[in-house]
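Subject: Structure for you to look at

Dear colleague,

Here is the structure I promised to pass on to you. Please open it beside this message, and then read on for what was found in it.

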Amino acid sequence: MGSNPNEQHVRQVYEEIAPSYEALFPALHRYGDRVEGFLAEVAMPPCRVLDVGCGPGLLTRFLEPAVEVVGLDLSPEMLELARRGRPSGQWHTHSYHQPIPPALGRFDVVLAIGCLDFCANLHEVLGHLAAALKPGGRMLFTVLERRPGLDGHEVPQRQVRTAGPSVALSFPSFEETARALADNSLLPHRYVHAPGWVHLTEQRTMYFGWWDVTRP
């Protein structure tokens, strides 16, 4: 877990902000109703939802009790908050750079929202997530998309400051993400380029490529 230095730094940052994360969430995130709308469409009980990079489990906390939620995150502190918020969920420390444990089974729905920002190998990670998705299942994930002319999004990777250690953010292009999807037999259902979160230190809104995909 946390086998590379950037992942260790990401884990440290989220451990430090865990106590205040839920209070900060509305100020930091610009998700609109995209996640809620997606879940309302696809998370019909009984189904299994995998929340990758779940943090304190805010995105799945209020799903119907008949929906089985499994959350993965680097930070045990975040997972403890998720456990308190939805005791019926299963919450596990895990890096998405490693395959999803087969013992967890496969899922009707996968979320990976705001966590692939730190992804060192998007092609490989999407392969791990695709393997956890049932045929016909849907996944909503976000990436910080590289776009020339969009301030802060113009290079493939850059270091950013936090209140703790600096971390590396990754910015795949639209074409790179589309190629990784095709290579992992994932089909785009919907796509939009839209706000994701507010970088308080840099005082700028970071933009996501929002990808809604399915596994045939």
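A good place to begin is Ser185, which comes just after helix 5 and takes a positive phi of about 55°. Please keep in mind throughout that this is a predicted model.

From Ser185 you can step back into helix 5 itself, where the buried residues are Thr177, Ala180 and Leu181. Seen down the axis of helix 5, these buried residues fall within an arc of 100°, and therefore they line one face of the helix. The general background is that an α-helix has 3.6 residues a turn, so residues three or four places apart point the same way. Among the elements that cover the buried residues of helix 5 are helix 4 (122-132) and strand 5, together with strand 8 (187-199) and strand 9 (204-214). On the other side of helix 5, by contrast, Glu175 and Ala182 are exposed.

Helix 5 also takes part in a salt bridge, since Glu176 pairs with Arg146, with 3.2 Å between the closest N and O atoms. This pair links distant parts of the chain, because Glu176 lies in helix 5 (residues 174-183) while Arg146 sits in the loop between strand 5 (133-144) and strand 6 (157-160), 30 residues apart. Glu176 is partly exposed, with a relative accessible area of 31%, and Arg146 also counts as partly exposed, at 21% relative accessibility.

Two further salt bridges are each formed within a helix. Arg11 forms one with Glu15, the closest N and O atoms lying 3.1 Å apart, and the two residues are four apart in helix 1 (residues 5-28), which means that about one helical turn separates them. Arg11 is partly exposed at 24% relative accessibility, and Glu15 is partly exposed as well, at 26%.

In helix 3 (residues 76-85), Arg84 and Glu80 are likewise four residues apart, about one turn of the helix, and their side chains meet in a salt bridge of 3.4 Å from N to O. Here Arg84 is exposed, with a relative accessible area of 60%, whereas Glu80 counts as partly exposed at 32%.

Finally, how many salt bridges does the structure hold? There are 15, and a network of salt bridges links Glu41, Arg138, Arg190 and Asp212.

With best wishes

Conventions
Residues numbered from 1 in each chain as written. Predicted model: local features only at pLDDT ≥ 70, side-chain atom pairs only at ≥ 80, totals over all residues. Heavy atoms only, no water. Salt bridge = Lys/Arg side-chain N within 4 Å of Asp/Glu carboxyl O. Buried < 20%, exposed > 50% of the residue type's maximum accessible area, 1.4 Å probe, protein only. Arc of directions from axis to C-beta. Contact = heavy atoms within 4.5 Å.
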